[in-house]
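Biologist: Could you take me through one part of this model closely, namely the way its helices pack against one another, and then set that part in the context of the whole chain and of a few individual residues?

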Amino acid sequence: MAGRTGLPWSSLLRLDAVKRIEKILARRGLGLGYVDAFSGELRPPRPQTGLCALVQSREAGEVACAATATETLRRLRARGESGDRALGCIATVCHAGIIEVAAPIMVAGEVVGGLLAGGFHVVGEHDPDVILAALPQRTHALALAPGELAATARRHPWLPRHEIASVEELLEAAADEVSS
């Protein structure tokens with residue numbers, strides 16, 4: 001399916017299973033993204049609302065999101081190279097303190113990319129006031145207006161653990177579809 005030149009993302013993202021999962025994620029306020037091990041092509045999750053959308057509206061935010069996606073791929077590949085055969089989703093906290101999950105895309109036993117979903121915070125595990133207080137420092141380089149940042153943060157997705165497990169299952173199903 002994929003050579004060392006990368007995965008055919010334009011075709012893969014049109015798969016019915018992937019499109020359905022992207023719609024389900026969007027209903028939760030999350031975006032779907034990907035990262036390719038061979039071509040270096042990537043697209044961080046791009047939710048239409050919330051902190052991710054605000055951060056990605058700035059060039060420096062886009063660059064930082066791309067760095068997070070690259071680091072996520074490094075972690076997925078390291079797990080694959082370690083011989084871990086129970087390769088499920090991993091969670092990553094980005095530069096802005098937002099959580100993303102990633103599922104590996106496997107071809108012939110090798111991690112060749114990953115599907116990414118995000119961004120969110122976890123209900124009951126993260127104190128909203130602490131997160132809101134840390135946002136100006138975490139996003140300082142983006143020159144976001146404090147009022148805009150606070151208003152957007154209040155609308156950002158907060159998911160309970162059982163919903164995160166559902167998101168991970170969906171992402172793993174999409175990664176399996178892409179892998180085949």
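Modeller: What follows begins with the chain as a whole, turns to the helix pairs, and ends with single residues.

The model is a predicted one, and its protein chain has 7 helices and 6 strands. Read along the sequence, these elements follow the pattern α-α-β-β-α-α-β-β-β-α-α-β-α. The radius of gyration of the protein chain is 16 Å, close to the 16 Å that the globule rule gives for 180 residues, so the chain is as compact as a globular protein of that length. Taken along the principal axes, the box filled by the C-alpha atoms is roughly 50 × 30 × 30 Å, and 45% of the 180 residues count as buried. If one takes the contacts between residues at least 6 apart in sequence, 64% of them join residues at least 24 apart.

Now to the helix packing itself. Two packed helices are described by the angle between their axes and the distance between the axes. For helix α2 (residues 16-27) and helix α7 (residues 161-179), the axes come within 9 Å and cross at roughly 160 degrees. Because an angle over 145 degrees counts as roughly antiparallel, α2 is described as roughly antiparallel to α7. The crossing in which α2 passes α7 is left-handed. On the α2 side, the residues in contact are A17, V18, I21, I24 and L25, and they meet V167, L170, A173, A174, E177 and V178 of α7. By class, this contact has 10 nonpolar residues, no polar ones and 1 charged residue.

The other helix pair to look at is formed by α5 (residues 128-138) and α6 (residues 146-154), which pack at an angle of about 140 degrees with their axes 10 Å apart. The two helices are therefore oblique to each other, and their crossing is right-handed. From α5 the contact draws on L132, L135 and P136, while α6 supplies L149, A150, A153 and R154. Divided by class, the residues of this contact are 6 nonpolar, no polar and 1 charged.

The loop between α5 and α6 contains A143, which has a positive phi of about 55 degrees although it is not a glycine. With a relative accessible area of 62%, A143 is exposed. A positive phi of about 55 degrees is also found at A108, again not a glycine, and this residue sits in the loop between β4 (99-107) and β5. A108 is likewise exposed, with a relative accessible area of 85%.

Strand β5 (residues 110-122) includes G119, and a cis peptide bond, with omega about -5 degrees, joins G118 and G119. G119 also appears among the contacts of H156, a residue found in the loop between α6 and β6 (158-159). Once its neighbours within four places in sequence are left aside, H156 is in contact with G50, L51, C52, I98, G119, F120 and H121. H156 is buried, with a relative accessible area of 4%.

I98 is also in contact with V93, which touches I99 as well when its neighbours within four places in sequence are left aside. V93 belongs to strand β3 (residues 90-93) and is exposed, its relative accessible area being 52%. Between V93 and R77, which are 16 residues apart along the chain, the C-alpha atoms are separated by 17 Å.

To return to helix α2, one of its residues is E22, which at 30% relative accessibility counts as partly exposed. Not counting residues up to four places away in sequence, E22 touches L32 and R43. The C-alpha atoms of E22 and C89 are separated by 16 Å, the two residues being 67 residues apart along the chain.

Notes. Residues numbered from 1 in each chain as written. Predicted model: local features only at pLDDT ≥ 70, side-chain atom pairs only at ≥ 80, totals over all residues. Heavy atoms only, no water. Axes fitted to C-alpha atoms, helices over the stretch in contact; angles between N-to-C directions. Helix = DSSP H or I, 4+ residues; strand = E, 2+ residues; numbered from the N terminus. Parallel < 35°, antiparallel > 145°, perpendicular 65-115°, else oblique. Left-handed = near helix turned anticlockwise from the far one by under 90°. Contact = heavy atoms within 4.5 Å. Nonpolar A, V, L, I, M, F, W, Y, C, P; charged D, E, K, R; others polar. Rg over C-alpha atoms; globule rule 2.2 N^0.38 Å. Buried < 20%, exposed > 50% of the residue type's maximum accessible area, 1.4 Å probe, protein only.
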